[in-house]
Amino acid sequence: MPSDPPGSLRDEPKRNGRNVLDSINTSNSLAGSSKLQFIQNAIMTPFSHRKNESSSIISGLAPVIMTPRMMKAASTVSSKQPRERIVNSSMSRSRMDFATLGRAPLRLGLGTRRVTSRDLEIVEATEQLLHVEVPEPDGVASNVSLLRGFNATIPSAEQSKSRRRQMRSVDAPHIGLKKLGMNARGLLADEDDHEGQSVTSEDDVVMVPRSDATLRKGKRRGRESLSATKMLGKDELTRQRKEILRDKENINIKRSLVNNEIMEITHKIEALDDIRTKLEKDLIKLQEDELELDDELQGVKERLEFEQSGPARMSQSFQILHSSRRRKGPAFLPSEHDELPPGVAFMTLDSHTAPISALDFSEPYGTLVSASVEDSQPIVWDLLSGTESGRLRGHIGTVKCIQVEDTVCVTGSEDCSIRLWDLRLVDAEGSDGWGDEGEIVSLSDVAEEDSSEEGTRPNGIRNGMGKEQKEDAACLRVLEGHTKTVTTLFFEDNCLVTGASDKTLRQWDLTTGQCVMTMDILWAIAHPTSSTLANNLFAGAAASVGTFAFPMPPRADGSWDMYEDYVGGVQFWGYGLVSGSGDGAVRMWDMRTGQAHRTLAGHSAPVTCLQFDEVHIASGSLDKTIQIWDVRTGGVFETLKYDHPVTALQFDTRKVIAATGENGVKIYNRTSMQHSTLLTNGHTSPVERLRYMDRYLVTGGRDSTVKVWSL
C-alpha cells in the first residue's frame, strides 16, 4: 500500500489539533481552520443566535480560558458579585471577559462531554484541595480520626473474633446443639445443616490434629474438660491478646461514634423542642387573637346599639350610660398609643399627698377621678394632657369607692353618703354651687337654677352637707341611708347598688333617688341556704356581728393596717347580684326578692374585691389568693396564689390583673397560664387600686401617685 504524501488527509487531524492548541495558548486569531471553526460554533451556540458573533467572542475568550491566573481571578469575582443571567442582549459586545463567564455555570458543549465553568475551577484547584487538611469533628468524636472509625466499623474487624472462636472449638461428637436451640424457640431445623462450615476463611483456620488416644476405639475414659484437649501455643495466645486489645480499642471507637450520634440526636431533639415551643406560643397567640376578635365584635355590637339610640340620648339633658365595667369591646385609642412600649408606665400623676384609696376613669385618655386617704375631695384629671381639671367638693370623709361612666361619677365616703356628680360642671377654681344650701335636686330638673327646700327628705335624699360646707355645682344628688362607711358601689343604667360597713347592701333608683331595697348580710349568715357550708367559713366570721376589724397580712414593704371594710365588692347584671364580704364568703343575690340564694365559701379571710362575667366570678381576698369560680356549678375553677394580700383585681377572657401588696402589678395570662409583673417606671410602694380598659391601665399606690400604663 503506497504511503501517503506529506499534506495528505491522514496528517490533517494532527495539524488541526496543533492549531487548536496553538490558538488556545496564544492570542492570535482563530479564523485559520475549518475544524477549529466547528469547535467555536459548538462552544458558543448557547450564547448567541447569530454566527458572526461566535468568532469575536471566542477570540477574546480563547487566550485566557486555560490560564490559572485568570481562573483564580474569576473565582474571586464570582464570590463577591451576585449571579446574573446572561441575556442575549449582552452578547452584542465584541468581547466577553471571563469574570462574566465564571459567575454563571455556563455549559460548554464539546461533543458528548458537557463541561461547565465550575468544572474548570475545580480542575485548577485540585492540587490545593488535596493538600488542605480535613478538620476534625467537634464533640465526643473529636479524637476519632476518619481512618480509625472506618477500620473499627468495617465487617472485617470481626474476623479476628471469629477466628479465635474457631480456634477454641473442640472436635467433639455431634450432639446437635443448633438443633436443640432451634427446637427450644419453636423453629424447624433442616437435617442436613452445614454445621462444619465456618464464617471465617480457610487461611484463618488452624487445624489441631487429634491425638492417638482419641482415635482408639472401645476404650472408655473419664469426663475431661474441653480446654484440656486444646494446646494453642505461645505465639497464638500472644496474637489473640493483641487482637483482643485491638478489638477493645475498636469498641471504644464505636462507643465514641455512638455517643456522638446520640449527642447529635439530642441536639436535634432540643431543636425540635424549641420549634415545638415556638409553635405552641404561636398557637396561644392565635387563641388570644381569637378572643380579642370576639371582644371586638361584642364592642362593635354595643357601639351599634349606642349609635342607634343616639338621638334619643341627645334629647335628654342628663342620662346614665351603660356601665363600662361590662364593656368588652376595645376602647378608642389615639394612634400614638401604639408607639408606646408595652408594660411601661408612661405618665405619673402626683398631686395627692396620701395613699390612693379609690380611682376610676371614663375611657383611655378621658377623665380620671382619684381619691386619697387623707383628702375628702377627689381630684378630676384630664388624661389626655395629664393635668388636674378640678376637685369634687362635698364629702367630709375619705372617699372609699368611685365609679365613672362618661361624664357621670358616683362616689361613696366614710361620711356614710353617696354622691352623684356631673363631671362637665367641675370647676378647677371651685364655686359656691349652682343652688342654695338645702336645695332639692332631681335628674329631670338638673338645668333648673331656682328652687329651695331645706332639710332632709324622708327617702334620704338631700342637697348639701349642712352649715359646715357649701355644695359643689357638680354634685347632682346626695344619697343617704347607710349608717357606716360606704365601702363599695356599682351602677348600671339607673340602678345603683352600694355596700357599707353596716353589713348591708342597698339598691337605689337614680331616677327618683329612692332606696328600693336593703339586703342584710347578717340575716343571710343567720339563715344559710342549702348550698352554704358553714364549716367552710373562717373562724373570724363569727366576729362579724360586732364591730368588724381584721388585721391585714404585711405587705411587701412590711406595712399593715386594720381592715374595716366589711363589704369588699359588689356587682350586678340584670337581677343577679354578687357580693364579697368580711366573712370570706361570696354571695349571689336575687335583686327581685332580696334573698341570697347561693353562698360560695372558700376564702379564709375577708373578700376585698370581685368581678364576674357570664361564666366566672373572680374574688380577691386578704388570704393572698384569687379564687375564680364557675357560676354554673358554684365550684372553684382556678386558684391564683400570691405572697401578699390581694386588694384589687380586674379580669377579662384573656388576663387577670391584680394588686397584691407589691410595688409591681401582677398579670396572669389565662390562655398561657403564665404570670408576669409590671415594674418599669412603676410605683415605689405597694399598689392598692387599679382599673384598665383594653391596653390602657391606671394604678394607684401607697406612694401617693397614680400611674398610667400601656399594656
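Strands here are DSSP runs of E, at least two residues long, numbered from the N terminus. With that in hand, take residues 680-711 of this predicted model. The span is 56% strand and 0% helix. Its end C-alpha atoms lie 12 Å apart. Residues 600-639 are 60% strand and 0% helix, with end C-alpha atoms 14 Å apart. UniProt, in an unreviewed entry, places the feature "repeat: WD" at both spans, and also at other stretches including 479-518.

Now turn to an open sheet. Four strands line up in the order E12-E13-E14-E15, with antiparallel pairing. Strand E12 (486-492) and strand E15 (514-520) are the edges, as each pairs on one side only. From one strand to the next, the twist averages 20°. E12 and strand E13 (residues 495-500) are joined by six bridges. Phe491 stands opposite Leu496 in E13.

Next come the aromatic rings. The model holds seven aromatic pairs. In one of them, Phe346 meets Tyr696 edge-to-face, at 6.4 Å centre to centre and 65° between the planes. Phe346 lies in strand E3 and Tyr696 in strand E31, so this pair ties together parts 350 residues apart in sequence. Phe346 is partly exposed, at 28% relative accessibility. Tyr696 is buried, at 0%. Tyr696 also pairs with Tyr365, this time tilted: 4.9 Å centre to centre, 50° between the planes. Tyr365 sits in the loop between strands E4 and E5, 331 residues from Tyr696. Both tyrosines are buried.

Phe346, Phe361, Tyr365 and Tyr696 make up one aromatic cluster. Arg691 lies over the face of Phe361, 5.8 Å from the ring centre. Elsewhere, the charged end of Arg592 sits over the ring of Tyr575, 5.0 Å from its centre.

Terms used. Residues are numbered from 1 along each chain as its sequence is written. This is a predicted model: local features need pLDDT of at least 70, side-chain atom pairs count only at pLDDT 80 or more; totals for chains, interfaces and linings use all residues. Side-chain values use heavy atoms; hydrogens and water are left out. Two strands pair if DSSP finds at least two bridges between them. Axes are lines fitted to C-alpha atoms, for helices over the stretch in contact, and angles run from 0 to 180 degrees between N-to-C directions. UniProt positions are given in the numbering used here, feature names are shortened, and annotations may be inferred rather than shown by experiment. Rings of Phe, Tyr and Trp (its six-membered ring) pair if their centres lie within 6.5 Å; planes under 30 degrees apart count as stacked, over 60 as edge-to-face and the rest as tilted. Buried means under 20% relative accessible area, exposed over 50%, partly exposed in between (1.4 Å probe, protein chains only). A charge sits over a ring if NZ of Lys or CZ of Arg is within 6 Å of the ring centre and within 35 degrees of the ring normal.
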